[in-house]
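Here are some short notes for a first look. Please read them with the model open.

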Amino acid sequence: MPENNSPIFCNYDESDYQNRFWGEGKRAYEDASEAIALERLLPKSGRLMLEIGAGAGRNTLRYRGYERIVLMDYALTQLQQAQQRLGKSDRFIYVTADVYHMPFADGLFDGATMIRVLHHLSEIHSALAEIQRVMQYQSVFILEFANKRNLKAIFRYLTGKQDWNPFSPEQVEFAELNFDNHPDTVRKALIENGFIPEKVLTVSNLRIESLKKEENLDWMLKLESALQYLASPFKLSPSIFIRNRQSLEKPDAVDWEFFKCPSCHSYEIVEESVKVHCHSCGRDYPIIDGIYDFRLK
Ligand SMILES: C[S@@+](CC[C@H](N)C(=O)[O-])C[C@H]1O[C@@H](n2cnc3c(N)ncnc32)[C@H](O)[C@@H]1O
């Protein structure tokens, strides 16, 4: 378990997730469905976006309106892949850290996304409280989560092929460190942690293996596009996107504030040539080939 009593979570270091899961167009339908949803939910412009659990940066270029983007992930190797894909530029800042202990100033970001990450988090309240802390008042947070109450799970439950109940509010761990969440529970957790859900889209509505062929992609995406709106009141899709507003009034981070020590929470933290040093607790956080490493090992 990482330091500071972080709940245990899935470590993607050394994982070939990007190729294994997304490679060779295996999930072209899901990828394009997410692109449609993001286009609909993202603000047209912004200053500084936080992409939580950015992985290999599959979605990063979709945040077109944002001047700068912080790609944050616990896995160094995922961010190295992202860096290869996006390059080293002032627009992208790469940071390894744990979502439960982020190294950022309070009220720093005017936008954030967390896509395909909540399903690895056992303590969604702690994670949402930490995300709320680093976000500005009225900023936009787009959250994707794996929906426990999806049509396939309901069918499997009703036909006796699945023992867990898709209608009950608690998280279900369907595989080790993989969790599905109930839409009402996620909504409640967002509200309790200072977010106001504004808009919900159901995503990957047609995730049916036998349909997912290259020749079907065109019509599937046309139908998906309509279903994201039409089916959203029912929330029966495997994936759900929610756009939220950070609703707790607080000052934005001032210009010179960016990092905050994730261990002692001090702002006395200074970037040096190959590390970031905290003058309060004395910790050093290495900078590895342009990637800030704030993991509390
Ligand atoms: C399924 S991948 C999704 C990556 C990317 N968002 C995408 O949609 O392509 C989940 C990512 O979340 C990261 N992750 C899981 N738990 C984390 C945590 N506690 N803090 C930071 N990142 C975490 C993993 O390292 C992994 O890269």
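1. Start just past helix 3, at glycine 87. Its phi is positive, at about 85°. Bear in mind that this is a predicted model.

2. Helix 3 itself spans residues 76-86. Its buried residues are Leu76, Thr77, Gln78, Leu79, Ala82, Gln83 and Leu86. They pack against helix 1 (17-22) and against four strands: strand 2 (66-73), strand 3 (92-96), strand 12 (284-288) and strand 13 (291-293).

3. Helix 4 covers residues 124-134 and is mostly covered, with eight of its eleven residues buried. Charged names appear in that buried set too: Glu130 and Arg133 are listed. The others are Ile124, Ala127, Leu128, Ile131, Gln132 and Val134.

4. What do the buried residues of helix 4 pack against? The partners include one helix, helix 6 (183-192). The strands are strand 1 (46-52), strand 4 (109-114), strand 5 (135-146), strand 8 (195-203) and strand 9 (239-246).

5. Now the ligand. There are 22 residues around it, and Gly53, Arg58, Asp73, Val99 and Ile115 come nearest. The shell divides into 13 nonpolar, five polar and four charged residues.

6. Look at the polar atoms next. A polar side-chain atom of arginine 58 sits 2.8 Å from a ligand oxygen. Two ligand contacts use backbone atoms instead: an N or O of valine 99 lies 3.0 Å from a ligand nitrogen, and a polar backbone atom of tyrosine 74 is 3.2 Å from a ligand nitrogen. The ligand taken alone exposes 590 Å², of which the protein buries 99%.

Conventions
Residues numbered from 1 in each chain as written. Predicted model: local features only at pLDDT ≥ 70, side-chain atom pairs only at ≥ 80, totals over all residues. Heavy atoms only, no water. Near = heavy atom within 4 Å. Polar contact = N/O pair within 3.5 Å; in protein donor to acceptor, adjacent residues only side chain to side chain. Areas by Shrake-Rupley, 256 points an atom, 1.4 Å probe, with all protein chains shown as cover. Buried < 20%, exposed > 50% of the residue type's maximum accessible area, 1.4 Å probe, protein only. Helix = DSSP H or I, 4+ residues; strand = E, 2+ residues; numbered from the N terminus. Contact = heavy atoms within 4.5 Å.
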